[in-house]
Amino acid sequence: MFQGSSALTLDAKGRMSIPARYRDALLAEEQGRLTLTRHPDGCLMLYPRSIWESKREQIAALPASARPLQRLLLGNAQDVEMDGASRILVAPELRAAAGLNRDVMLLGLGSNFELWDRAQWEARCMADVGNLDPAILEQISF
């Protein structure tokens, strides 16, 4: 279960270090094999490969009316592997699609991650807080 946020930096080649708190699990359970793809919200999604393989089957099985979503998710999916320094390469086309610059945020969301440009994430976070559904909030006690 992945949770929390990490402020990270992309290097000049577009590589990003996987935070230590996730690294061991990803190496042990996935041998460092991950998949990156686009998200409809404008960020990237990062999946452990075994989780992605299950999601990929679900997405591929969608009806023809879901072709635009299949193009977005499957057509942009790229398999990546952690290198010896526990970094992954975010391809230029995915960086451009998500507007990723040097400063990024990696968010653990249970079984996968979202990768955001830090400035876009901060703006999105503020907008999301303003749009919280009160009915959903009533279902959670803090």
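This is a short dialogue on reading a predicted model of one protein chain.

Q: Where do I start: how many helices and strands are there in the protein chain?
A: Start with the inventory. The chain has 6 helices and 8 strands. From the N terminus on, the order is β-β-α-β-β-α-α-β-β-α-β-β-α-α.

Q: What radius of gyration does the protein chain have, and what would a compact globule have?
A: Set the value against the chain length. A compact globule with 142 residues would have a radius of gyration near 14 Å; this chain has 16 Å, so the two agree. The C-alpha atoms fill a box of roughly 45 × 35 × 30 Å along the principal axes.

Q: What share of the residues counts as buried, and how much area does the chain expose?
A: Of the 142 residues, 37% count as buried. The exposed area is about 8200 Å². Carbon and sulfur atoms supply 52% of that area.

Q: Among contacts between residues at least 6 apart in sequence, what share joins residues at least 24 apart?
A: In this chain the share is 59%.

Q: Which residues does UniProt list for the domain?
A: Treat this as a record, not as something computed from the atoms. The unreviewed UniProt entry lists "domain: SpoVT-AbrB" at residues 5-51 and 77-120. Now compare each range with the model. Residues 5-51 are 30% helix and 40% strand, with the end C-alpha atoms 20 Å apart. Residues 77-120 are 23% helix and 45% strand, and their end C-alpha atoms lie 21 Å apart.

Q: Which residues touch the most other members of the largest nonpolar core?
A: Look for the members with the most partners inside the core. This core has 22 residues, and Met16, Ile18, Leu46 and Ile88 touch the most other members. The elements giving two or more residues to this core are β1 (2-9), α1 (20-30), β3 (33-38), β4 (44-48), α4 (92-98), β7 (103-110) and β8 (113-117). Another core, of 5 residues, lies apart from it; Met45, Tyr47, Ile59 and Leu73 are among its members.

Q: Which residues is Ile88 in contact with, leaving aside neighbours within four places in sequence?
A: Ile88 contacts Gly14, Arg15, Met16, Ile18, Leu34, Leu36, Leu46, Val80, Glu81 and Met82. Three of the names in this list, Met16, Ile18 and Leu46, were given above for the core.

Q: How do I read the two faces of a strand?
A: In a regular strand the side chains alternate between the two faces of the sheet. Take β4. Leu44, Leu46 and Pro48 sit on one side, Met45 and Tyr47 on the other, and all are buried. That makes 5 of its 5 residues buried.

Q: Which way do the side chains of β8 point?
A: Read β8 the same way. Phe113, Leu115 and Asp117 point one way, Glu114 and Trp116 the other way. All of these are buried, charged residue names included. In total, 5 of the 5 residues of β8 are buried.

Q: In what sense do β3 and β4 pair, and over how many bridges?
A: Find the bridges, then the direction. β3 and β4 pair in the antiparallel sense over 5 bridges. Leu36 has Leu46 of β4 as its bridge partner. The hairpin of these strands has 5 residues between them, and Gly42 takes a positive phi near 105° there.

Q: Over how many bridges do β4 and β8 pair?
A: They pair over 3 bridges, in the antiparallel sense. Met45 has Glu114 of β8 as its bridge partner. Leu46 stands opposite Phe113 in β8.

Q: How many bridges join β7 to β8?
A: The number is 5, and the strands run antiparallel. Leu106 is paired with Leu115 in β8. The hairpin that joins β7 to β8 does so through 2 residues.

Q: Is Glu30 buried or exposed?
A: Check the relative accessibility against the cut-off. Buried means under 20%. Glu30 is at 8%, so this residue counts as buried. Glu30 belongs to helix α1.

Q: Which residues does Glu30 touch, not counting those up to four places away in sequence?
A: Glu30 touches Ala25, Pro48, Arg49 and Ser50. One of these, Pro48, is a buried residue of β4.

Q: How many residues apart in sequence are Glu30 and Asp79, and how far apart in space?
A: Use both distances together. The pair is 49 residues apart in sequence and 12 Å apart in space, C-alpha to C-alpha.

Definitions and conventions:
Residues numbered from 1 in each chain as written. Predicted model: local features only at pLDDT ≥ 70, side-chain atom pairs only at ≥ 80, totals over all residues. Heavy atoms only, no water. Core = buried A, V, L, I, M, F, W, Y, C linked by side-chain atoms within 4.5 Å. Buried < 20%, exposed > 50% of the residue type's maximum accessible area, 1.4 Å probe, protein only. Helix = DSSP H or I, 4+ residues; strand = E, 2+ residues; numbered from the N terminus. Contact = heavy atoms within 4.5 Å. UniProt positions renumbered as here; feature names shortened; annotations may be inferred. Pairing = 2+ DSSP bridges. Rg over C-alpha atoms; globule rule 2.2 N^0.38 Å. Areas by Shrake-Rupley, 256 points an atom, 1.4 Å probe, with all protein chains shown as cover.
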